[in-house]
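Open the model in your viewer and keep the selection panel at hand. The stops below run from the whole chain down to single side chains.

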Amino acid sequence: MATITPQELQTKVGEHLGTSDWVLVDQDMINKFADATGDHQFIHVDEEKAKLTPFGGTIAHGFLTLSLMPLLGASTDGPKVGGVKMGVNYGCNKVRFLSPVRSGKRVRSHIKLLELEEKRPGQWQQTNEVTVEIEGEEKPALIAEWISQFFV
């Protein structure tokens, strides 16, 4: 994995930066997310009742899939900025949940750099388009414009 400067990363605006490793979204992960958020809707946690839905089983919370973006981003095979002291999540411009992630499926992300701006000396704001792919499915789970900041 290459290490680059923020200025070198800036030349990659509009380019695909990389693809993450696959991550399994299993029922245990879904149940823990339900417990953490208090969202115990049956479609997520009741395997028997969820079998009767058009999904044929439980599905991950959309926000669970969204919350996997830092994990997926950390395993992306693209270039990394060297000398980063700290990174923070700044939010999202857009998030669309396009397809449910069924329990037992694997997901991975594809990252495209949309914008990189130096806000103050050493403080950079990065906007990426993140597409979370579901293994074996044509339609992605989600597409989001994710904004983060890092400090060098």
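Two strands count as paired when DSSP finds at least two bridges between them. Keep that cut-off in mind for the sheet stops. The model is predicted.

**Stop 1: the whole chain**

Show the C-alpha trace. Along its principal axes it spans about 55 × 30 × 25 Å. Colour by secondary structure next. The chain has six helices and eight strands. From the N terminus on, they follow the order β-α-β-β-α-α-α-α-α-β-β-β-β-β.

Switch on a surface. About 8,300 Å² is exposed, with carbon and sulfur atoms supplying 52% of it. Of the 152 residues in the chain, 40% are buried. Now consider contacts between residues at least 6 apart in sequence: 71% of them join residues at least 24 apart.

**Stop 2: β6 and its partners**

Select β6, residues 105-120. Add β7, residues 123-134. How many bridges join β6 to β7? There are 12, and the two strands run antiparallel. For one rung of this ladder, pick L116 in β6 and its bridge partner Q126 in β7.

Go to the turn. Two residues sit between the strands of this hairpin, and G122 takes a positive phi near 85°.

Now add β2, residues 16-19. Three bridges join β2 to β6, again antiparallel. G18 has I111 as its bridge partner in β6.

Add β3, residues 23-25. Three bridges also join β3 to β6, and this pair runs antiparallel. V25 has K105 as its bridge partner in β6.

**Stop 3: on to β8**

Select β8, residues 142-151. It is mostly covered, with eight of its 10 residues buried. Antiparallel to β8 runs β7, joined to it by 10 bridges. Zoom to V132, which stands opposite L142 in β8.

Next select β5, residues 86-97. It also runs antiparallel to β8, and 10 bridges join the two. Near the end of your β5 selection, take R96; its bridge partner in β8 is I143.

**Stop 4: the nonpolar core**

Hide the polar side chains. In soluble globular proteins, nonpolar side chains tend to be buried together. The largest nonpolar core here has 28 residues. Which members touch the most others? They are L9, V25, L64, M69, V101, V107 and V132. Two of these have come up already: V25 as the bridge partner of K105, and V132 opposite L142.

Colour the core by element. Those giving two or more residues are β3, α2 (27-37), α5, α6 (69-74), β6, β7 and β8.

Centre on L9. Leave out residues up to four places away in sequence, and it touches I4, L17, V81, L113, L116 and Q126. L116 and Q126 are the bridge partners from the β6 and β7 stop.

**Stop 5: the aromatic pair**

Show the aromatic rings. A search of the whole structure finds one aromatic pair. The ring centres of F63 and F97 are 5.6 Å apart and the planes meet at 85°, so the pair is edge-to-face. The cut-off for that label is over 60 degrees. The pair links distant parts of the chain: F63 belongs to helix α5 (residues 62-67) and F97 to strand β5, 34 residues apart.

Are these residues buried or exposed? F63 counts as exposed, because its relative accessibility is 57%. F97, at 40%, counts as partly exposed.

Stay on F97 and list its contacts, leaving aside neighbours within four places in sequence. They are G62, F63, L66, A141 and L142. Then set a distance between C-alpha atoms: F97 and V132 are separated by 9.6 Å, though their positions lie 35 residues apart along the chain.

**Stop 6: F42 and its surroundings**

Select F42 and K49. K49 lies over the face of F42, at 4.6 Å from the ring centre.

Add T53, in the loop between α4 (47-50) and α5. Is T53 buried or exposed? It counts as buried, because its relative accessibility is 17%. Neighbours within four places in sequence aside, T53 is in contact with F42 and I43. F42 therefore makes a good last centre for the view: K49 lies over its face, and T53 is in contact with it.

Terms used:
Residues are numbered from 1 along each chain as its sequence is written. This is a predicted model: local features need pLDDT of at least 70, side-chain atom pairs count only at pLDDT 80 or more; totals for chains, interfaces and linings use all residues. Side-chain values use heavy atoms; hydrogens and water are left out. Rings of Phe, Tyr and Trp (its six-membered ring) pair if their centres lie within 6.5 Å; planes under 30 degrees apart count as stacked, over 60 as edge-to-face and the rest as tilted. Helices (H or I, at least four residues) and strands (E, at least two) are DSSP runs, numbered from the N terminus. Buried means under 20% relative accessible area, exposed over 50%, partly exposed in between (1.4 Å probe, protein chains only). A charge sits over a ring if NZ of Lys or CZ of Arg is within 6 Å of the ring centre and within 35 degrees of the ring normal. A nonpolar core is a set of buried Ala, Val, Leu, Ile, Met, Phe, Trp, Tyr and Cys residues joined through side-chain atoms within 4.5 Å. Contact means heavy atoms within 4.5 Å. Accessible areas come from the Shrake-Rupley method with a 1.4 Å probe; for residues, only the protein chains shown count as cover.
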